[in-house]
Protein chains: 2
Amino acid sequence: MADSKVYMDYNATTPLEPEVITSISEALTHAWGNPSSSHDTGRKAKAIIDGAREHVATMIGAKSSDIIFTSGGTEADNMIIMSAVQHFNDTYCKQVKAHTGQGDADSQMLPHIITSHMEHPAVNVYLEHLKDTGQAEVTYAPLSPTTGRLEVEAVLSSIQPNTVLVTVMLANNETGIIQPVRKICEAVRSVHRNELETQKIFVHTDAAQAIGKIKVDVLELGVDYLTVVGHKFYGPRIGAMFALDLDSNVTPVYPMFFGGGQERNFRSGTENTGMIAGLGKACEIVYNGLQEFANSMEESRNYLEEKLLSTFGERVHFNGKFSSSERLPNTCNVSILGEGCPGHKVLARCQVLQASVGAACHVQNRPSAILLAIGVQPHIARNALRLSLGRYTSKHEVDAVIEDLKNAVNALDAEG
Amino acid sequence: MADSKVYMDYNATTPLEPEVITSISEALTHAWGNPSSSHDTGRKAKAIIDGAREHVATMIGAKSSDIIFTSGGTEADNMIIMSAVQHFNDTYCKQVKAHTGQGDADSQMLPHIITSHMEHPAVNVYLEHLKDTGQAEVTYAPLSPTTGRLEVEAVLSSIQPNTVLVTVMLANNETGIIQPVRKICEAVRSVHRNELETQKIFVHTDAAQAIGKIKVDVLELGVDYLTVVGHKFYGPRIGAMFALDLDSNVTPVYPMFFGGGQERNFRSGTENTGMIAGLGKACEIVYNGLQEFANSMEESRNYLEEKLLSTFGERVHFNGKFSSSERLPNTCNVSILGEGCPGHKVLARCQVLQASVGAACHVQNRPSAILLAIGVQPHIARNALRLSLGRYTSKHEVDAVIEDLKNAVNALDAEG
């Protein structure tokens, strides 16, 4: 029965807050006009979009003119990376030519992008595509096995003359580990660049998993680009991108879509007013309630981890829990050790728990590449469960999940 | 007062049918799971998406496996054109090389695309971008001033050895003129191609303005690609693309987004379940009610044109009304002649009518390029009003608009 289930897969997606659904329905009902139309019907839609843009901006400490709505996180991530690549192509060869008087030899120069082994497919699959099609060079800077993070030194030692972008997520979707994005920005900013090198290395962070769980402020972080994904924080399935001082051309953004010139020509296509209204409302709710949500999630997550320890004792191995690294308040990545207990088998036996072994779009019966990349042993990684909690996850639900896991593990032990 | 307004801008966008809003709200409330998740929450969302895909396919006479959901018509149009370009790049040079033994000389060959001067910006702005960046050659085949259409002969005489795509809308958004897409497909199919020419010329039609107003069947039309835009037929702001026999690789489709591999890798990004559910419902409504809607729109449109004639007499000039060309049942493009009555001034004077002088994303105070392209004189084109009616536009509303127009024109005449 659906009602007896306990959902602990909030890092995959979240339900929408009822107020968000109401905002969407109201906009669909009353503001269906084309925002480009000059009559009242259109202006009403445009006003809603403007208001939503303010809410997105306020939530992340940005100017509303730095926000572009997209169809989701994938579009935002792809577009940001593509923009850095195009910016390189449009500027770098000219720059090198101006300093050396040579043009031809430089025509093969490729933009170089630094990333990590823990990124979302919207980043790493796109980077692999750019690499495979000869459009970019990519360096996967190693993650630290003692912190589970992409450390500043690993980024700095990956920098090349043609480096144009560093892209690293703000919090990992599987481990919940918060990455040192602020420090990376500071370090990258202070790198001296000569005339034959790219003049600026842009930093992008995909904040999909961080927003709604920890404070996210673009100026504090110091990033040039940031990705916002509505459905990770009780909002709808659209997204937005932030680009610092967009209107002053400080941060390059190139369109992926060409057409009617919406979003100041950065993103053509008639605006999805309903979903945009919902995203604005979801951002407003985060802005107003973040601390309360974070406290509640952390309390339940800590209770879950205590119960896991008291139930499974030495068989419990928390993945991604490093004393030196901060974690999201809602994420528990845990392996229950034992040969017969790989994560996907445990989940298949559970009657109550709805969770995953990793990101929803990953294959579920292989050890997580992200866990392996931070040094988790393969036999531990294959047993991993990603338990990600929501704003309203109760201790009562945690108790039900613990009972469920106990039964599942007992059954698997008996079979083994 | 908003309630006294009469909206006659249904070609810009439509309100959503209440059932569509209900479908969206229900999906957002009950099927918010990640469709890639393997647990119940995810499967419920996936089932809704599958059902919606069936509805889209049924509406246009396609297989559901030939449908890819997109964020809207702009994405679909861009992606289809990009796919044809990439297909050319991946196949044609190899083909020519195999037949001539030469490779180098062919490396500069560009794909050639035939289109018209009346396309939506999602087609023509993108084509201009491809042209400007040296990625494609584009021919604008002339429109016929005696039919207002892109005639078969104009397409055929534009074909080159490197032609890979013909893209023409099914019905024009300003004039409502239905284009001879079926005949174009037949003619293009029967063109003999030799070994040094592209082996297939694909045909794409953007059916944004046709769906919900006339029957649209991909097999009857014979097209390879077709664009579906929800918000033009009382559905939400997302879209879909049709590609013939997609699963058999008959029609090339290349992804624009790279990431989690959703939509069989053709369109990465977590699916917008709510909006997809709404699109499915809107398609179902069209499939069941098309004839009734078309009859109702045509009756009101014809009544509108009669009243315009009886009110303004010889000052009325219908643009795009040719005896030999079929029109959409809902569209009336009319100029009320007189120097003081340019379209944007008439609309600004209207108290009741909400309409436009052309497409919503075009500048409103210039004569329509589309009208000029079909031979309408500039002094007539600048006076054009696009009055586009909806499923429920009543004669009572038409009467109110006629009265409103009469007052506006009288006032402008008095000033003149």
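**Exercise 1. The largest cavity**

Task: In this predicted model, determine which element gives the most to the lining of the largest cavity, and how the lining residues divide by class.

Solution: Begin with the elements: α3(B) makes the greatest contribution to the lining of the largest cavity, namely four residues, while β2 (67–70) of chain A, β2 (67–70) of chain B and α3 of chain B each supply at least two residues. Next, consider the lining as a set of residues: it comprises 40 of them, and those nearest the centre of the cavity are A:Arg267, B:Ser71, B:Gly72, B:Arg237 and B:Ile238. Sorting the lining by class then gives 17 polar, 12 charged and 11 nonpolar residues. Finally, the volume of this cavity is about 490 Å³, and a search of the whole structure yields 11 cavities of 30 Å³ or more.

**Exercise 2. The largest pocket**

Task: Establish what volume the largest pocket has, which residues lie closest to its centre, and which elements give two or more residues to its lining.

Solution: The volume of the largest pocket comes to about 1,300 Å³. Of its 36 lining residues, A:Met82, A:Gln86, A:Gln135, B:Gln86 and B:Gln135 are the closest to the centre. Turning to the elements, two or more lining residues come from each of α3 (73–100) and α4 (121–132) in chain A, and likewise from α3 (73–100) and α4 in chain B; the largest share, six residues, belongs to α3(A). By class, the lining holds 21 nonpolar, 13 polar and two charged residues.

**Exercise 3. The contact between the chains**

Task: Describe the contact between chain A and chain B by the residues taken from each chain and by the area that they bury between them.

Solution: Counting residues, one finds that chain A contributes 54 to the contact and chain B contributes 54. The area buried between the two chains is about 4,300 Å², of which 61% is on carbon and sulfur atoms. On the side of chain A, the residues that lose the most area to chain B are A:Trp32, A:Arg237 and A:Phe258, which together account for 18% of what that side buries.

**Exercise 4. A strand pair in chain B**

Task: Work out how strands β3 and β4 of chain B run relative to each other, parallel or antiparallel, and what handedness their crossover has.

Solution: Strand β3 (residues 112–115) and strand β4 (residues 137–140) of chain B are joined by four bridges and run parallel. Within this pair, B:Ile113 has B:Val138 of β4(B) opposite it. Following the chain from β3(B), one passes through helix α4 (residues 121–132) of chain B before reaching β4(B), and this β-α-β crossover is right-handed.

Terms used:
Residues are numbered from 1 along each chain as its sequence is written. Chains are lettered from A and ligands numbered from 1 in the order in which they are written. This is a predicted model: local features need pLDDT of at least 70, side-chain atom pairs count only at pLDDT 80 or more; totals for chains, interfaces and linings use all residues. Side-chain values use heavy atoms; hydrogens and water are left out. Two strands pair if DSSP finds at least two bridges between them. A crossover is right-handed if, with the strands pointing away from the viewer, the path from the first strand over the helix to the second runs clockwise. On a 1 Å grid over the protein atoms alone, a cavity is a set of points where a 1.4 Å probe fits but cannot get out, and a pocket is an open set with protein on both sides within 12 Å along at least five of seven lines; lining residues have an atom within 4 Å of a point. Grid points are joined across faces, edges and corners, and a volume is the space filled by probe spheres set on the points. Ala, Val, Leu, Ile, Met, Phe, Trp, Tyr, Cys and Pro count as nonpolar, Asp, Glu, Lys and Arg as charged, and the others, Gly among them, as polar. Contact means heavy atoms within 4.5 Å. Buried area is the accessible area (1.4 Å probe) that two parts lose on being put together, summed over both.
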